[in-house]
Amino acid sequence: VSFDRLAILDLLAEYGGRLDHGDYEAWLRLFAAPCRYNVMPRENHERGLPVGLISCNTRAALEDRIEALQQANKFNIHSDRHLIGLPRVIAEADGGIEVEAPFTVCQTDQEGETRLFATGLYRLRLTLAAGSLRIGDMLVLLDTFAVPSLLATPL
Amino acid sequence: VSFDRLAILDLLAEYGGRLDHGDYEAWLRLFAAPCRYNVMPRENHERGLPVGLISCNTRAALEDRIEALQQANKFNIHSDRHLIGLPRVIAEADGGIEVEAPFTVCQTDQEGETRLFATGLYRLRLTLAAGSLRIGDMLVLLDTFAVPSLLATPL
Amino acid sequence: VSFDRLAILDLLAEYGGRLDHGDYEAWLRLFAAPCRYNVMPRENHERGLPVGLISCNTRAALEDRIEALQQANKFNIHSDRHLIGLPRVIAEADGGIEVEAPFTVCQTDQEGETRLFATGLYRLRLTLAAGSLRIGDMLVLLDTFAVPSLLATPL
């Protein structure tokens, strides 16, 4: 299997764009059928502590999470803006490709104040499903353990 | 008409780079002959309020704006730094391509303090003119309605 | 010599990724054998003041610098996150290519606070060495003259 490099850029652009639009169903479609999505502080990961802020180790868990989010979003009082950096290909094997990309998320609240909300590193394992690139496994490593009000939104 | 994906990346890089260099004439050349350039808070756009912070619905209006800017820039006391994220292709039709890209602008003032100035989303309609990709229509959606001293510079 | 555009994106992704991982030896391998690496405020550069915050005009100087950094890093109490924007090709000649790319660096300290640390512009002259793209000359232009604790880390 060979991976189209531009397709990786497209996937990352879709990932951030769909989240910022609050279009969580389209975001969910970026994931492969069996998939995992975990968010944790970088420090926990480095120390081998598997404790995550979001832990979805099955597709069903991720779908449940998104459904809960869509309820919560009725009271959503901020907007997100993702900037995702250029991806690094870490490894390519067994029909999958491992990619890292840095990101920042800025949030704007109801008063119109915009601030830097989170920075970190995406680690993705991408697979081809029916000719399309999909996220099989995604680990969001946050640079800080102190992310306020994280549960309101995926990163 | 088929669009070269790398040419879209190049256009966005030129867009931000020319603005940050204060090279407004080269920035203007990125636009097609008939063109529109509008800047407005995202909220206004979503509510159908057409009130923009910058509204240039003709090429002449945009050129006037740039000329005024070049005068104002003699007293310019800050510098901008654009970061433009990976573009999403939204639609491709009729010899044009619609693209979205997130952005952040950081500003540095005369005291040397750098701060996050604005975040938002670019919506562009690109066309081919004499073999080169040009901006036919650009909408800059700001995440906040509260952008201070906006008029000093395009985003 | 023709340059693969995706290879330029890869090089920039590697540049930021290796720094953020603190993997300075891999970062050093991104540079050509004879190379220069300078960091200075944009203002100094524009005024023709050659005074830099980091000035490595030989490979040996850069290697010394990195070795010193690795010592200092034992006491490193922050982490960096680079976001590097899309590159602009400025010129291509004589087996080299000149590229500019904007960047932001966010830093997270031991208390878990993340803040915007620096913004600026990379100016790189890239060369091909044994089929791989390498940095022959790099100038990091900082938007501010007031970067605190700069010496702790390359940008």
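The following exchange concerns the interface of chain C and chain B in a predicted model, and the relation of chain A to chain C.

Residues are numbered from 1 along each chain as its sequence is written, and chains are lettered from A in the order in which they are written. In this predicted model local features need pLDDT of at least 70, side-chain atom pairs count only at pLDDT 80 or more, and totals for interfaces use all residues, while side-chain values use heavy atoms, without hydrogens and water.

Trainee: Why is the pair Arg5(C) and Asp10(B) called a salt bridge?

Mentor: The term requires a side-chain nitrogen of Lys or Arg within 4 Å of a carboxyl oxygen of Asp or Glu. The closest N and O atoms of Arg5(C) and Asp10(B) are 2.4 Å apart, so the pair qualifies under that rule. The count between chain C and chain B is three salt bridges.

Trainee: What makes up the buried area between chain C and chain B?

Mentor: Buried area is the accessible area (1.4 Å probe) that two parts lose on being put together, summed over both. For chain C and chain B this is about 1,800 Å², with 60% on carbon and sulfur atoms. Arg5(C), Leu86(C) and Arg88(C) supply 36% of the area that chain C buries against chain B, more than any other three residues.

Trainee: How do you know which axis relation holds between chain A and chain C?

Mentor: Copies are superposed by least squares on the C-alpha atoms of residues with pLDDT of at least 70 in both. Chain A is laid on chain C by a turn of 120° and a shift of 0.0 Å along the axis, with an RMSD of 0.0 Å. That is therefore the relation of a three-fold axis. In chain A, the C-alpha nearest the axis belongs to Gly85(A), 4.1 Å from it.
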